[in-house]
Amino acid sequence: MDSATSDPPATPERAPLARTTDNGLKIVIVGGFGVGKTTMVQSVSDIRPLNTEETMTLAGRGIDDRSAVPGKTATTVAFDFGRISLDERTVLYLFGAPGQERFWFLWDRLFSGSLGAIVLVDHRRLADSWYAIDRLEHHGTPFIVARNDFGGPPYTRAEVRDALDLDPHVPLVDCDARARESSKGVLIALVEHLQRLATGTAATAPTAPETAT
Amino acid sequence: MTRAGRDDDPDRLYTLTGGRSRPASDEFDLVTLVVTECEPTPGMQSEHAAILRICRTPTAVVELSADLGLPVGITKILLSDLLAAGRITARHPRYAPPRTPGGVRFADPETLEKVLVGLRDL
Ligand SMILES: Nc1nc2c(ncn2[C@@H]2O[C@H](COP(=O)(O)OP(=O)(O)OP(=O)(O)O)[C@@H](O)[C@H]2O)c(=O)[nH]1
Ligand SMILES: [Mg+2]
């Protein structure tokens with residue numbers, strides 16, 4: 001796009017946003033190591049996922065948080081992200097956030113103002129997402145759970161819900177993060193859930209089909 | 001992938017921002033869209049010039065950070081300078097859900113409908 005200058009850092013070689021774009025929205029995809037976060041971002045993003053990092057101070061945090069990283073006053077977290085242009089004014093950013101326990105309070109700060117979150121789980125390693133679910137509930141960030149299909153024993157959805165101790169109103173959907181349509185379905189399931197919350201109709205079990213394939 | 005900022009020693013990052021390590025205020029969100037208002041001038045700090053080139057089309061803070069290979073916080077400090085000098089404008093996210101203590105944060109229905117329509121059209 002910009003061939004006149006070649007000074008580093010170079011102008012990025014990816015589709016620019018429309019000049020009229022003026023509103024950025026955020027959705028966070030959180031999950032344990034290797035659960036498919038980057039894959040999901042990639043399968044729906046308009047651009048190849050990018051990554052960057054943020055240094056977060058630990059000052060002013062509670063005792064629990066500080067004890068997670070004794071003797072440190074700052075830590076660096078790296079994350080990747082993609083984006084989807086929704087219309088001429090609106091762009092949705094998708095952030096892939098590692099869900100490992102001790103840094104979760106940083107993620108919450110970094111991604112404050114998100115529409116909601118997708119908790120990506122591998123049913124062979126459900127315990128990996130307990131902490132993330134706990135934090136999301138604590139901070140009042142709406143979320144759904146998406147079970148990524150890695151094969152393995154066929155646990156029922158009820159068993160997964162039980163293992164995660166999910167509230168009855170929190171949707172659990174199945175997906176294959178490698179498939180664009182499936183990942184798109186997960187995003188739609190989240191936004192439909194947000195709509196039910198916004199209109200106060202989420203008190204009972206979700207009416208949406210519990211699959212995103 | 002080369003990461004200009006990632007492996008740099010902290011001194012260089014410190015120098016880049018004139019010794020500041022935190023922005024004056026939380027002026028910028030990760031998804032604040034930055035737009036260039038005037039072209040780079042000769043002799044300008046190279047990171048400032050790079051930002052002005054990249055933001056000829058609206059570019060989110062987080063994308064800029066990835067492009068520059070600099071942490072988000074450092075990127076925000078550089079942006080504060082440019083904003084104060086009137087060289088960029090910032091389009092802040094219009095949707096910032098209120099956080100009620102212990103309660104769920106609701107997005108407004110119009111925003112959600114817009115997102116849903118956009119996603120279904122993908
Ligand atoms: N079978 C199967 N494999 C998947 C699926 N989604 C992702 N994978 C694979 O799982 C591996 C890890 O996926 P990533 O997207 O890198 O996972 P991640 O959560 O970003 O991993 P980290 O960032 O390292 O924590 C890759 O080899 C993917 O191809 C899925 O739905 N089914
Ligand atoms: Mg990843």
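A salt bridge is counted here where a side-chain nitrogen of Lys or Arg lies within 4 Å of a carboxyl oxygen of Asp or Glu. The model examined is a predicted one. In this model, A:E54 is buried but has no salt bridge. The nearest side chain of opposite charge belongs to B:K76, at 4.7 Å; because a salt bridge requires a separation within 4 Å, this pair does not count as one.

The position of A:E54 in chain A is within strand β2, which covers residues 50-57. A polar atom of the A:E54 side chain lies 2.9 Å from the backbone nitrogen of B:G73. When residues up to four places away in sequence are left out, A:E54 touches A:T75, A:T76, A:V77, A:F79 and A:L110 in chain A, together with B:V72 and B:G73 in chain B. B:G73 thus appears both in the polar pair and among the residues touched by A:E54.

A second site concerns ligand 1. There are 14 residues around ligand 1, and those that come nearest are A:K37, A:T38, A:T39, A:N148 and A:D149. Helix α1 of chain A, residues 37-44, supplies the largest share of this shell, with three residues.

Several polar atoms of chain A face the ligand. A polar backbone atom of A:G34 is 2.9 Å from an oxygen atom of ligand 1. For A:D176, a polar side-chain atom lies 3.0 Å from an oxygen atom of ligand 1. In the case of A:R178, an N or O atom of the side chain is 3.3 Å from a nitrogen atom of ligand 1. Ligand 1 exposes 650 Å² when taken alone, and the protein buries 64% of that area.

Notes
Residues numbered from 1 in each chain as written. Chains lettered and ligands numbered in written order. Predicted model: local features only at pLDDT ≥ 70, side-chain atom pairs only at ≥ 80, totals over all residues. Heavy atoms only, no water. Helix = DSSP H or I, 4+ residues; strand = E, 2+ residues; numbered from the N terminus. Buried < 20%, exposed > 50% of the residue type's maximum accessible area, 1.4 Å probe, protein only. Lys, Arg positive; Asp, Glu negative; His and termini not counted. Polar contact = N/O pair within 3.5 Å; in protein donor to acceptor, adjacent residues only side chain to side chain. Contact = heavy atoms within 4.5 Å. Near = heavy atom within 4 Å. Areas by Shrake-Rupley, 256 points an atom, 1.4 Å probe, with all protein chains shown as cover.
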